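Hi everyone, thanks for making time this morning. I'd like to walk you through a structure and a few of its side chains, so please have a look at it first.

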Amino acid sequence: MGADDNYTNDGTVDINKNPANKNTTGNWKACRFILGNECCERLAYYGMGTNLVNYLQKRLNQGNVTASNNVTNWSGTCYITPLIGAFLADAYLGRYWTIAAFSIIYIFGMTLLTLSSSVPGLKPSCNGDDCHPTAGQSAVFFVALYLIALGTGGIKPCVSSFGADQFDETDEVERKKKSSFFNWFYFSINIGALIASSVLVWIQMNVGWSWGFGIPAVAMAIAVVFFFSGSRMYRLQRPGGSPLTRIFQVIVSSFRKLNVKVPTDKSLLYETADKECNIQGSRKLEHTDKLKFFDKAAVETENDCVKGSLDPWRLCTVTQVEELKSIIRLLPIWASGIVFATVYGQMSTMFVLQGNTMDQHMGPQFKIPSASLSLFDTLSVIFWTPVYDKIIVPYARKFTGNERGFTQLQRMGIGLVISIFAMLVAGILEVIRLDMVRKNNYYDLEYIPMSIFWQVPQYFLVGCAEVFTFIGQIEFFYDQAPDAMRSLCSALSLTTVALGNYLSTLLVTIVSKVTTRNGKLGWIPDNLNRGHLDYFYWLLAILSLVNFLVYLWIAKWYSYKKVSGSPN
């Protein structure tokens with residue numbers, strides 16, 4: 001093996017900015033630190049967020065609709081802020097330093113949250129279950145929440161991409177490992193979530209919120225230690241400059257050349273002559289025939305030079321044009337994930353509120369908090385992830401010939417179908433529950449004699465859908481993103497969760513207003529025994545079916561990116 005074979009060919013460097021050595025950096029030896037970091041960070045996030053709706057109800061004295069909307073709004077923000085972190089990572093800081101910087105903000109937010117639930121004066125005064133929070137106490141709590149939302153914005157879009165960066169795409173052996181990495185990355189997320197939704201939720205409901213929020217704060221500190229421990233083994237992709245600038249240059253140049261005709265011979269379009277791409281850390285992209293309007297930006301004219309040098313706002317390379325095309329092609333796939341994220345969001349809102357009305361006993365003494373049922377979603381993911389990676393993929397590979405078993409689009413589509421069944425099962429359970437209420441006149445009973453464990457199938461189905469759709473989505477957006485825009489595209493995929501939460505808030509608000517006209521209680525009253533939560537689940541099932549049919553059409557239209565050359 002030659003000396004050059006010891007180094008990666010994808011443009012990565014080590015922590016000292018030297019070319020990354022394959023033998024001493026990257027691969028699974030570096031990923032164990034990244035997976036450990038992600039496990040602890042997700043434990044912190046879910047340990048604080050899984051039971052948040054109950055804290056808002058019991059300590060901040062909020063009703064069902066207000067508490068539900070506050071949770072979905074905050075959760076949505078946690079998936080919008082990654083756009084900030086992703087831009088900084090791709091343009092200026094790189095993924096490693098972005099994660100490091102935003103982790104500090106995250107820890108500060110977690111510390112303030114713990115103080116707001118444990119320090120007299122900051123925590124609401126309570127007489128039993130009757131709490132009276134002041135405006136100042138509520139403000140401190142929400143400041144802490146949104147500091148966490150900002151902190152997670154620098155971590156979420158970068159960690160999965162940073163982990164995938166540890167595998168050289170130009171090396172066939174390492175490329176196969178990369179696909180497996182995304183499965184185990186999501187697996188580590190759910191190990192953290194499992195502890196959060198079981199142990200931590202129980203601590204919050206039975207020991208106290210100060211311990212319930214304090215432990216996640218410590219977990220976040222451990223996550224940071226994990227991350228920095230692997231620094232010498234990491235491969236770092238260098239930032240490629242502002243991706244937004246490059247996108248706007250193509251758009252401006254295309255409109256400036258509105259009347260310019262694109263040549264039929266696409267080899268005449270402008271591209272740098274050498275093998276390397278002129279964008280830092282990126283490979284060249286081959287020309288595609290779709291979205292031909294933007295090809296105008298790569299047509300050379302006599303007006304392209306200003307003071308003897310090419311003006312990037314008048315002439316762009318084919319790779320720049322294809323970067324924009326790649327983003328545009330991703331958008332319909334991105335949009336199809338919003339309804340799925342709305343279904344996923346019900347686990348922290350409507351599923352919990354539904355569970356609050358059911359018998360939560362395990363034996364004569366022990367009561368399981370309704371929010372802890374989300375551990376069955378987590379167990380489902382933990383079960384299906386290795387099954388998918390070790391059994392389904394090799395089996396499917398025999399029939400499809402695809403090294404991944406299914407294409408990423410097929411994988412996501414399967415998850416969309418499973419999510420429809422999850423809503424149908426949740427709706428059927430609610431029909432049965434309400435039928436028991438009517439037959440036995442349980443309208444004003446706080447807990448009806450129906451075990452909360454009847455909710456397990458709907459959680460299990462959502463978990464199974466996640467393994468197909470969410471993991472497929474993470475891999476798809478990393479794989480199809482231009483090399484120098486991977487953090488940004490990872491953030492774009494995360495915004496589906498944000499918009500899914502906002503859509504959930506919008507649907508709940510509209511349903512609440514429409515169904516409470518003329519003095520009616522509506523579908524989602526504070527006493528669900530007098531409501532029709534099943535109608536809300538049917539609505540989500542119908543939306544999911546329509547979304548899947550649209551997705552099929554989008555997936556058929558999509559064309560995968562093609563790369564050439566080597567990174568600069």
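**Rings, an arginine and a helix**

Let's begin with F162, which is buried, at 1% relative accessibility. Before I go further, please keep in mind that this is a predicted model.

So what does F162 pair with? Its partner is Y234, and the two rings meet edge-to-face, 4.9 Å centre to centre with 75° between the planes. Y234 is buried as well, at 0% relative accessibility. Where do these two residues sit? F162 belongs to helix α5, residues 135-164, while Y234 is in the loop between α7 and α8, so the pair ties together parts that are 72 residues apart in sequence.

Here is a second pair for you. F376 and F453 are also edge-to-face, with 6.2 Å between centres and 90° between the planes. F376 comes from helix α11, residues 374-400, and F453 from the loop between β9 and α13, so this pair ties together parts 77 residues apart in sequence. Is F453 buried or exposed? Neither, in fact: F453 is partly exposed, at a relative accessible area of 27%.

How many aromatic pairs turn up in the whole structure? The search finds 40. If you like clusters, look at W28, F167, F181, F182, F185 and Y478, which are linked by ring pairs.

Some rings have a charged neighbour too. K156 lies over the face of Y45, at 4.4 Å from the ring centre. R42 does likewise with Y46, at 5.4 Å from the ring centre.

Now for another arginine, R246, which you will find in helix α8, residues 243-256. Is R246 buried or exposed? With a relative accessible area of 7%, R246 falls under the 20% cut-off and therefore counts as buried. And what does R246 touch? Leaving aside residues up to four places away in sequence, its contacts are G240, G241, I279, Q320, E323, A484 and M485.

Last stop: helix α14, residues 486-515. This helix has 30 residues and spans 43 Å from first C-alpha to last, close to the 44 Å expected at 1.5 Å a residue. Why call α14 largely enclosed? Because 21 of its 30 residues are buried, the rest of the structure largely encloses it.

To recap two of the stops: F162 and Y234 make an edge-to-face pair, and R246 is buried in the model. Thanks for listening, and I'm happy to take questions.

How values were computed
Residues are numbered from 1 along each chain as its sequence is written. This is a predicted model: local features need pLDDT of at least 70, side-chain atom pairs count only at pLDDT 80 or more; totals for chains, interfaces and linings use all residues. Side-chain values use heavy atoms; hydrogens and water are left out. Helices (H or I, at least four residues) and strands (E, at least two) are DSSP runs, numbered from the N terminus. The expected span of a helix is 1.5 Å times one less than its number of residues. Buried means under 20% relative accessible area, exposed over 50%, partly exposed in between (1.4 Å probe, protein chains only). Contact means heavy atoms within 4.5 Å. Rings of Phe, Tyr and Trp (its six-membered ring) pair if their centres lie within 6.5 Å; planes under 30 degrees apart count as stacked, over 60 as edge-to-face and the rest as tilted. A charge sits over a ring if NZ of Lys or CZ of Arg is within 6 Å of the ring centre and within 35 degrees of the ring normal.
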